[in-house]
Amino acid sequence: MEYFDKEFCLEVWGAYACFTRPELKVERVSYDVMTPSAARAIFESIFWKPAIRWQVTKIEVLNPIKWCNIRRNEVGAVASKNPIYIEDKRQQKNSLLLQDVRYRIWAKLEFIAQWKRKESKNL
């Protein structure tokens, strides 16, 4: 049975989502819609092989776009040999997230020829 050129569809949803914009480094702000790389990662988390690549063809927004602002605590230090006292290193940051999201994503399997595959030598 030939599965190439067949389009697959998934419906994904959640209470909150954040598809982070790279230009805003400190405060996390989401894109309005799921990014194609996030959609591809969802398909890869279900089925991944070195011989295939998922090509996202369509992203449908099923629920209206709603925003939610939250404040979260982060630790502003890197763990090392010395212990971290969270009360001293805590930082509060804002995030602008999407709330009550639901998407339908479509993708095709794309076959990768043997000679085009990246070989991992350090496995």
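The following questions and answers concern a predicted model and its packing, ring pairs, cavity and pocket.

Residues are numbered from 1 along each chain as its sequence is written. In this predicted model, local features need pLDDT of at least 70 and side-chain atom pairs count only at pLDDT 80 or more, whereas totals for chains, interfaces and linings use all residues, and side-chain values use heavy atoms, with hydrogens and water left out.

Reader: Which residues of helix H1 are buried, and on which side or sides of H1 do they lie?
Author: Helix H1 spans residues 36-46 (helices are DSSP runs of H or I with at least four residues, strands are runs of E with at least two, and both are numbered from the N terminus). Buried means under 20% relative accessible area, exposed over 50% and partly exposed in between, with a 1.4 Å probe and protein chains only. The buried residues in H1 are Ala38, Ala39 and Phe43. Because they cover an arc of only 140° around the axis (taken from the directions from the helix axis to the C-beta atoms), they lie on the same side of H1.

Reader: Against which strands do the buried residues of H1 pack?
Author: Packing is judged by contact, meaning heavy atoms within 4.5 Å. By that criterion, the partners of the buried H1 residues are strand S1 (7-17), strand S3 (52-61) and S5.

Reader: How many aromatic pairs are there, and which residues do ring pairs link into a cluster?
Author: Rings of Phe, Tyr and Trp (its six-membered ring) pair if their centres lie within 6.5 Å; planes under 30 degrees apart count as stacked, over 60 as edge-to-face and the rest as tilted. The count by this rule is three aromatic pairs. Ring pairs join into a cluster the residues Phe8, Phe43 and Trp54.

Reader: How far apart in sequence are the parts that the pair of Phe19 and Tyr103 ties together?
Author: The two rings are edge-to-face, at 6.2 Å centre to centre and with 70° between the planes. Phe19 belongs to the loop between S1 and strand S2 (28-29) and Tyr103 to strand S5, so the pair ties together parts that are 84 residues apart in sequence.

Reader: Is Tyr103 buried or exposed, and at what relative accessible area?
Author: Phe19, its ring partner, counts as buried at 13% relative accessibility. Tyr103 is also buried, and its relative accessible area is 3%.

Reader: Which strand gives the largest share of the lining of the largest cavity?
Author: On a 1 Å grid over the protein atoms alone, a cavity is a set of points where a 1.4 Å probe fits but cannot get out, and lining residues have an atom within 4 Å of a point. The largest cavity has a volume of about 60 Å³, a volume being the space filled by probe spheres set on the points, with grid points joined across faces, edges and corners. Its lining includes Asp32, Lys66, Gln99 and Tyr103. The largest share, six residues, comes from S5.

Reader: Is Gln99 buried or partly exposed, and what is its relative accessible area?
Author: Gln99 lies in strand S5 (residues 90-111). Not counting residues up to four places away in sequence, Gln99 touches Ala15, Tyr16, Lys66, Trp67 and Cys68. Gln99 is partly exposed, with a relative accessible area of 29%.

Reader: What is the relative accessible area of Lys93?
Author: Lys93 is placed in strand S5. Among the residues that Lys93 touches are Glu27 and Glu74. Lys93 is buried, and its relative accessible area is 17%.

How values were computed: On a 1 Å grid over the protein atoms alone, a cavity is a set of points where a 1.4 Å probe fits but cannot get out, and a pocket is an open set with protein on both sides within 12 Å along at least five of seven lines; lining residues have an atom within 4 Å of a point.
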